[in-house]
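Trainee: I'd like to learn how to read a few features of a protein model. Could you walk me through one?

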Amino acid sequence: MKAARAAGCGLLLTTISAPAMASASANGQAGVIACPSEDMLLWLEVRTDTDLLAETMDAYAGAGGTLLPLGQFARILDLGIVVAADGRHASGAIDPRTRVTVDLDAGTAQVGAATVALGPGACVRKGDIYLAAQTMEKLLPVRLRVAADAQLLQVTPTGMLPLVRNRQVAERRAALSQLAPAETAMLVDDPYRLFSIPAVEVNAGQRFGSGDALQSRWLGVRAAGDLAFAGFRGFVGLDSAGATNVQLTLERTSADNRALGPLGGSRFAIGDVATPDTQLGARSVAGRGIYYSSAPLQAFDFSHPLVLEGDVADGEQIEVYVDGTLRAARAAAAGGRYRFDNLALGIGDHQVRILFYGPQGQVREDVRSFQLGSGLLQPGQTAVRFSMVQPEQPLLRMEDGPWPRTGNALRIVALVDRGLSRRFTAHAGLTRFRPWYGQERLAGTAGIKAMLAGAALDGVVGLDSRGGRAASLLLGSRIRGVSVRMLHAEYAGGFVDETRDPMSGGVALRRASEAQIDLTAPLPGGQRIPFAFDIRRVEQRDGARRIELNARASAMLATTYVNVMVSRQGWTGAVAGAQHVAAVETSTPLAPALQLRTGLSYRITGRPGIESAYVSTQIATPRGDMQLIVSRQGGTPSRLRLDASYRHRLSRFDLTTAAGYDLRTRSWRAALQLTFVFASTAHRGYGLAPSSAAISGRAAIRTFLDANGDGHWQPGEKAVAGVQVYTPAGAATTDAHGQVVAEDLGDTLPAQIRVDASQSSELYLAEMPGAIRLVPRRGRTTPLEIPLRAAGEVEAKLLFATADGAQPLTAVTIELVAEQDGRSFPARTDNLGTAMFGGIPPGRYHARLLPAQAAQLHLTLDAPGVIEVPPEGGFLRMKPILARWVDAG
């Protein structure tokens, strides 16, 4: 066959025998020289800055530099350049406008309209053309750096390579579907029950002191479980002073919008609930009432503040970190609940870490990921939120609590969003509320959300029944990793907007502005420091103004985590003034069981001085936790306090002791507390359990080999130990019985669990779900069976038929295709022509070449390789697969 025709047909040959090359050289073919000997063979790893392209590729160290195989390298880059049957010609296209031809006889190559000299060292070995790296850079859109001592070929694309384009397309597809569950995700359905034995936590204690005011006793009981086909949460608090706090809530949540069955809804609650925020007018408040929402549980809108709430243990201090910077902190509220409802965040992904510091030094962490979008709905989609609440009033009031800041008037909020198109969503709201000091009013709002030129917009207008008028425009965008959120609102006629100025007591406003910027700055050494800047300006109708600026940053210095904040507050009006404050907090692990925390808040202006400072040492022991604190409070005079506490974990309960001394007043105090919990356990059923059981949802996980394939554990089916289970609260490992209890899964919001069986007791397992999603419930231990199936690991060897015998065929993709359902498993051959397939489920398979690549390279198989993976899995080796060239005519 003529060489020209062979080149035009585009036959791929990676490994035709060395004798063929020797014969060609002996015949005196021009331009073909002998390649370096096998002693000069190099195996190079091929990678870009971000991706591993090939674990090994043949290369030779020659006099003119490193020689690289054109055919093999082109296939690694997914370029359609193929070597002819004679091994002396190659042709193909880099893109639709640029064609490449190589002619070793002439010693030249043609790249588009340009002619390139192949240079010294060009040779043929095993049917492939070897060219110097410098020459390869002239033929292909790449820059190459060979590090022979590291066995590395670093590739830097200078044009759009197919492999880069394919990756970008895949990333765009992933971005478009990032709000949808993964295809391999398994959704766990845990129906509500008429009644389940509740998880119960009891705290009882007594406080002593040098004064009568420090003498008291208390009892707190928290319970959670299923009741009346809903999730039940209750808290009762009593103390010797006569104070009583009772909170009760029944709640149903549904990830598939069936909280109320045919009436739909993602969440319904009655009892102690909270209203949603509006864009203008009424803010979110808690009280007794009802709440309904059909919005997706995990749909977060940048136009609404992020609300964080949950259960909290008595005496815990709470800190909220957003993307690494401290945004909020406070002590535990009454009723065993915490709530942060004024966290305004920009568009994009945010990691929120909620740290709980117990009075005895114990630390627990709740990490959540939130994706704040533009709030757009799909065309025709409707989301409704409705709440009717009596603010500041618990469901059962046993005594008069704090002064009622919002009166006894019902607060009613109804919000509706409707998707108009992919870029526009309309929304409207109707609220009835009474501000702190104002009169009751009815307010209506209407607006449009839009996505234009990469920016999210939300324009809203509002009117109220007392003549108030308002309009606001919110803009959010993320540009090169910098999140920007800006808002401006104008008011007239005495409009009260609690959402912009929640601390004003319902004073009428004239205008309000906000700006927020979040970014991460790189530092030498690869460290990145998050910064957050925000500014708020509010002008009241009477002319008084208030402005607040905050700058936050955090960094890891050696082993110390440092968080810094600088704040300025200024106000005008009847009482004018300004205040500048700087604060810094550090956390340093001194040993695996010893941590040091420090904090300092310093007033810069006015009367400069320390507002507060503390040094805390937290010590973890095998049976308990200890904390020692030295703190100083500013003021005139200042106060210095010493505190110590220890929590001892016994087999059936926890015993806590605490003591403190005030050096200024010379007063002392001490406390003793007993804590015990009843909940379901992994092996013993209902009984004493970790104290977190009554606070958060849990999952009782069982991993096993599903021999009959029904998805449920049966007696006799083998347990799988050593499976890693990753939850929002951390990692856990299944025991010898294949069981583990995943703690602290949260509540209300869907939790995602990932499973890794790579270190398990079973060596060969089939692919598992990429994620397991469930909606945890307080006090509920969800049974979660994870069926595993044995799998095979298959080795296949691909050879190419030549006149000199079969030779390995490298950098070609083979697929194993299941005969039952057509599912395919791809793998690429290495420099020895071997492809490894892992996690192949039991069944019968046939091997084939990737159709697109086979057509491009004009290859076919003599016969498809066939293999059957037995039910028990294991390692299997296929018979060698033989490929041949197809004459394209």
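Mentor: Let's go straight to the largest cavity, which has a volume of about 120 Å³. Keep in mind that this is a predicted model.

Trainee: How do you find a space like that, and how many cavities of 30 Å³ or more does the structure hold?

Mentor: The general idea is that rolling a probe the size of a water molecule over the atoms shows where empty space is left. Here, the structure holds 5 cavities of 30 Å³ or more.

Trainee: Which residues lie nearest the centre of the largest cavity?

Mentor: Look for Tyr192, Gly231, Glu251, Arg777 and Arg778, out of 13 lining residues. Strand 16 (230–239) and strand 17 (244–253) each put at least two residues into that lining. By class, the lining of the largest cavity splits into 3 nonpolar, 5 polar and 5 charged residues.

Trainee: And what is the volume of the second largest cavity?

Mentor: About 90 Å³. Its lining includes Thr278, Gln279, Asp458, Arg485 and Arg500. Three strands give two or more residues to the lining of this second largest cavity: strand 31 (455–464), strand 32 (469–479) and strand 33 (482–492). The classes here come to 4 nonpolar, 5 polar and 3 charged.

Trainee: Now charges. How should I read a salt bridge, and how many salt bridges does the structure hold?

Mentor: In general, side chains of opposite charge can pair when their charged atoms come close. This structure holds 40 salt bridges. Take Glu498 and Arg411 as one of them: their closest N and O atoms are 2.9 Å apart. The pair links distant parts of the chain, with Glu498 in the loop between strand 33 and strand 34 (509–522), Arg411 in strand 28 (residues 411–419), and their positions 87 residues apart.

Trainee: Are Glu498 and Arg411 buried or exposed?

Mentor: Both Glu498 and Arg411 are buried. Next, try Arg649 and Asp625, whose side chains meet in a salt bridge at 2.7 Å, N to O. Arg649 sits in strand 42 (residues 639–649) and Asp625 in strand 41 (residues 624–633), so this pair ties together parts that are 24 residues apart in sequence.

Trainee: Is Asp625 buried or exposed?

Mentor: Asp625 is buried, with a relative accessible area of 11%. Arg649 has a relative accessible area of 31%, so Arg649 counts as partly exposed.

Trainee: Which residue does Glu868 meet in a salt bridge?

Mentor: Glu868 meets Arg844, at 4.0 Å, N to O. Glu868 is in strand 60 (residues 866–869) and Arg844 in strand 58 (residues 843–849), so to speak distant parts of the chain, 24 residues apart. Arg844 is partly exposed, with a relative accessible area of 40%. Salt bridges can also share partners, and that joins Asp190, Arg193, Asp226, Arg777 and Arg780 into one network.

Trainee: Let's do sheets. What is the strand order in the open sheet of 5 strands?

Mentor: Read across the sheet rather than along the chain. The order is 4-5-6-7-8, with antiparallel pairing. Strand 4 (80–83) and strand 8 (114–117) are at the edges with a single partner strand each, so one side of each has no neighbour in the sheet. From one strand to the next, the twist averages 15°.

Trainee: How many bridges are there between strand 5 and strand 6?

Mentor: Strand 5 (residues 89–95) and strand 6 (residues 98–103) pair over 6 bridges, in the antiparallel sense. To place one of them, find Ala93 and its bridge partner in strand 6, Arg99.

Trainee: What about the open sheet of 3 strands?

Mentor: That sheet has the order 49-46-52 and mixed pairing. Strand 49 (739–742) and strand 52 are the edge strands, each pairing on one side only. Strand 46 (residues 698–705) runs antiparallel to strand 49, and 4 bridges join them. Ala700 has Val741 as its bridge partner in strand 49.

Trainee: Last one: what is the volume of the second largest pocket?

Mentor: About 500 Å³. It is lined by 23 residues, and Ala766, Glu767, Arg789, Arg823 and Pro841 are the closest to its centre. Strand 52 (781–788) and strand 58 give two or more residues to this lining. By class, the lining of the second largest pocket has 11 nonpolar, 5 polar and 7 charged residues.

How values were computed
Residues are numbered from 1 along each chain as its sequence is written. This is a predicted model: local features need pLDDT of at least 70, side-chain atom pairs count only at pLDDT 80 or more; totals for chains, interfaces and linings use all residues. Side-chain values use heavy atoms; hydrogens and water are left out. On a 1 Å grid over the protein atoms alone, a cavity is a set of points where a 1.4 Å probe fits but cannot get out, and a pocket is an open set with protein on both sides within 12 Å along at least five of seven lines; lining residues have an atom within 4 Å of a point. Grid points are joined across faces, edges and corners, and a volume is the space filled by probe spheres set on the points. Helices (H or I, at least four residues) and strands (E, at least two) are DSSP runs, numbered from the N terminus. Ala, Val, Leu, Ile, Met, Phe, Trp, Tyr, Cys and Pro count as nonpolar, Asp, Glu, Lys and Arg as charged, and the others, Gly among them, as polar. Buried means under 20% relative accessible area, exposed over 50%, partly exposed in between (1.4 Å probe, protein chains only). Two strands pair if DSSP finds at least two bridges between them. Axes are lines fitted to C-alpha atoms, for helices over the stretch in contact, and angles run from 0 to 180 degrees between N-to-C directions.
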